[in-house]
Each structure stands twice: as structure tokens, then as C-alpha cells.
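Got your viewer open? Here is a short walk through the structure, one selection at a time.

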Amino acid sequence: MKKLSALSLCAFMGAALVLSCEPVEGENEDVSGGSVSASVSEISVPEEGLVETLVVEAPEGLEISTKVESTAKTWISVSPAEGNQFEITVARNEATKSRKAKVFFSAPACASAIVVVSQAAAAQEKHLSVSTTSISATHHGGTLSFNVDAYPQPSFEIAEGSEWISALSFSDGVCSFDVAAWDSQEYGQVRTGVINVVPVNGEPVSVSVTQSSSEFVRRSLVTKFTGTWCGYCPFMSFAIEEAMEKNSRIVPMYVYDDLGGDDSLAKVFGISGFPTGLVDFRGLFSNGNQSATVACIEGLVQESSESYPSATSFEAGVKVDGSTLTVDVSVLSVVSEPAMKLAVVLVENGIVKDQKFNGNASDYPEIDFNNYVHDHVVRVSPTGCTGESFPVEAGKISSKSYSVELEQSWDASKLEAIIFTLRPFPASPVQAVSRAKYTNKAGAYVDNVVSVKAGESVSYDFQ
């Protein structure tokens, strides 16, 4: 065996000594070359993270190097600062478990300084959701809001070009903001602003705020489920007619189960008792005394007007050519809504047929129940009575035409088209009318409605 000389042995030992001074995770051995020291040996970090500045010293003339435990390199970073200072940056902990790691400060032939970084767990999993991504404002402006469910708390910013939105605030999960009044002299103008909800880490969620220079006239669709055999159904008709006399913005539509028309809506809403009334596909009502029924209808219509202002308006015409009826529809919207639907329902007026009546006919001498005139009778719907997909964009007009082949028994001169848009319910729908039974079985409510008689047309209707 070859022997090592004394000089070789000393050189080998010296090399071993130098190698032993390199930072080793979990060790902090004292060596003759001196040592590296840090101003703290442990840092406690909250879940949101922090930047901590340390003073690190080494023997004069030696350069200090840093190393982070391999398992912590994604959430701890170290960078030199002024003089002999270093910054330790700890990212937010988004996990519901605490974590710990070591940071090593070393110099040649010196013992390393070890700083233990301990970080608290997140109180809950990171998440962000908003109650809506599209809000419409009237030309009057005012304070609006939307709900935000998020952890950790996000920040909010008004996008460039949205200077008419101001006073942004967030408290108890509600983001509130002010919209300035818009006194444009031009009808139908639309402007859109954006509020960005910015999470601590991740992509922002944008909420669009659309304001029209004038409000659309908001009409309500009142549907009655009925039959000629139903002796109590005329009483509901009397109530609806009285409500219409008080409010010209009610559009009636009657679904009969025995006059050969499309009665599919009864199945959609699970109607089992006649008569049953329905306002804007969201509030059901039943027969009571006439004044109570009228009050319920008025309450639901008012609720629609105040809590569900229309985002759409119509320009439409109905033409009859031989046995073909054509409905041309254009929709102007002040919101972008990819889930909007459009429905076109053909109804007929003036159908004469016996009507059972469980009241005293002598109290209504002007009505012949043996030759009762049935109006607003649903015949057919080219879109289906709950509508078809009709995405809309803010400030833009979307158009479509529909054709219906008329049956010989229908009187073309007495036909009219009921045209309405359906919009998804908000996260927290308003339901404040005590006698009403609320429903969302159609998955959407009537945003606006208009009726157009055969041979006539209507234009966008602004307040």
C-alpha cells in the first residue's frame, strides 16, 4: 500500500476542513475559519407573508452566499440589500397547513448561520366569486353594489375609461360604487365601464357596468292558466282586466288547456289548479276576492319595475302573407348577457266559446257566458314558450325573424305576437309580495315584453 507523506496528509486534512464549512441543511458546525452570524435565528410569518430584513455578518473580506431549503424555494426567496443586510421574502400561504423551512447564510471556511422560517396556515382555502358580472344603471345614476365571496380579501379598481364610476368601497362582502347621472339628449346611447376584482394571486374578475342615456319602458307579462270548463277562472280575468285598467304596461297571455293551443307552460311551472296567474315568470298568484287579487298583481308588477328594470327593448313588426305570418324582431340591450333568451308567442283574440261560470251571472249582465269572448289565447310559439338562446351585447342590436304557418281555424286579423326577453335570475332575487308564491322553474324571469298585432309594428320605447 502506498503511504502518504506528512505534507500530503496535511493538505488532505486542509481540504476536508474547507469542505466541512459548506452549508449543510440541518447542521451548523463550528470551524476554525470563523462563523457567519445573523441578527435573528427564527422568523414567524403570518399567512399573508412578509419581507424581513436581516443583518448578516461574516469575517472581514469573505463573501456571504445564501441557500434556501429545496422544499421551500417556491415560497421563500433571499436577496442582498444594502451593506451587510439581506431581505427574506415569504409568499402568502394559501394552504390550510402551516409550513417551516431553513435559510442558510455561509462563507468560505466558516460555520453557516441558519435562520428558521415558520409560517402560519391560511384560515381557509383561497376562493373568489362575484354575484354578477354585469350590472345595468339607469340614466339617473346612483349607488349600486354587488356581492363578493373571497378569501383572502381582494382589491378593487375602476378600469381606465370608466371615470363616471366612483366612490368604490368594500365592506362585509359587498362592493358598492356610485354611478354619475347621464343627461344625454340622445335616446338609446349606452356606455360601459368596468370594475376589476383583483385577487391576491390569480386573474382579476371583471364586472361590467352599463348605463343607458335613457330608460326603457318596462312592461310585465301576466299569464293566466285557465280552461273553458273552469267555473272560477272568469274571476281571475276580471282581476287582470282591472289591473290593466290601472296600469297600461301589463301584457296578458292566457294558456288554455282545452282550446287546442300550446299549453306547455303549465307543465313547466307545475300548474295543477285552475285558475293560476303568473307575473313575469317569477311570481304565481291565485284567486281571492277581486281586490286582493288585483293588489297581488299590482305588487308583483311594481316589484318587477323597481327591482328588475328592463335591460332590453324591442323594434318589431308582424306581417301576414296568405297563410304565413312573419315576426321580425330587433332587440336593443344595455347589458351583455350571453344567457339571454327571446320568446315569440302567437295569441288569438275574439274566440267565441261557452265558458263555465260558478258565480251569479246576473251580476255581470254585459257578459254572455254561453257565447263568451276569449282573448289573449295562446296558439303557437316558434321559439317555445320559455324562449330560445338569444345572446345580447351592451349597446348593440340583435335581430331575428320567425315564420308561422297559420291554421285555417285561426282568424289572421285577430292574431298578435307576444314578444319577450328572458334574463337569468340574480343571485338574491327580490321576493317581497306577501300573497305571491315565487318560482324560478323557467330558470329566468321576463326582462321586458311587448305585444304586436298582425299588420302592425312597434319601435324601441324609452321613458
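On this tour, "buried" means under 20% relative accessible area, "exposed" means over 50%, and "partly exposed" is anything in between. Keep in mind that you are looking at a predicted model.

**Stop one: strand S18.** Select residues 250-256, which make up S18. How many of its residues are buried? It's 7 of the 7, so the strand is largely enclosed by the rest of the structure. Now show the side chains. Ile 250, Pro 252, Tyr 254 and Tyr 256 point one way from S18, while Val 251, Met 253 and Val 255 point the other way.

**Stop two: the partner strand.** Add residues 220-226, strand S17. S17 and S18 run as a parallel pair, joined over 7 bridges. Put helix H2, residues 233-246, on screen as well, and you have a right-handed β-α-β unit made of S17, H2 and S18.

Zoom in on Lys 224, which stands opposite Tyr 254 in S18. What does the charged end of Lys 224 sit over? The ring of Tyr 254, at 4.5 Å from its centre. For another charge over a ring, pick Arg 191 and Trp 182: the charged end of Arg 191 sits over the Trp 182 ring, 4.5 Å from the ring centre.

**Stop three: aromatic pairs.** Searching the whole structure turns up 16 aromatic pairs. Try Trp 229 with Phe 274 among them: a stacked pair, 5.6 Å centre to centre, with 20 degrees between the planes. Trp 229 belongs to the loop between S17 and H2, and Phe 274 to the loop between helix H3 (264-268) and strand S19 (276-279), so picking both takes you to distant parts of the chain, 45 residues apart. Are these two buried or exposed? Neither, quite: Trp 229 is partly exposed at 46% relative accessibility, and Phe 274 is partly exposed at 23%.

Next, select Phe 281 and Phe 420, an edge-to-face pair at 5.5 Å centre to centre and 75 degrees between the planes. This pair also links distant parts of the chain, 139 residues apart. Phe 281 is in the loop between S19 and strand S20 (283-285), and Phe 420 is in strand S29, residues 415-423. Phe 281 has a relative accessible area of 0%, so it counts as buried. Phe 420 is buried too, at 0%.

**Last stop: a cluster.** Select Phe 235, Phe 238, Phe 357, Tyr 364, Phe 369 and Tyr 372 together; they form one aromatic cluster.

Key: Residues are numbered from 1 along each chain as its sequence is written. This is a predicted model: local features need pLDDT of at least 70, side-chain atom pairs count only at pLDDT 80 or more; totals for chains, interfaces and linings use all residues. Side-chain values use heavy atoms; hydrogens and water are left out. Buried means under 20% relative accessible area, exposed over 50%, partly exposed in between (1.4 Å probe, protein chains only). Helices (H or I, at least four residues) and strands (E, at least two) are DSSP runs, numbered from the N terminus. Two strands pair if DSSP finds at least two bridges between them. A crossover is right-handed if, with the strands pointing away from the viewer, the path from the first strand over the helix to the second runs clockwise. Rings of Phe, Tyr and Trp (its six-membered ring) pair if their centres lie within 6.5 Å; planes under 30 degrees apart count as stacked, over 60 as edge-to-face and the rest as tilted. A charge sits over a ring if NZ of Lys or CZ of Arg is within 6 Å of the ring centre and within 35 degrees of the ring normal.
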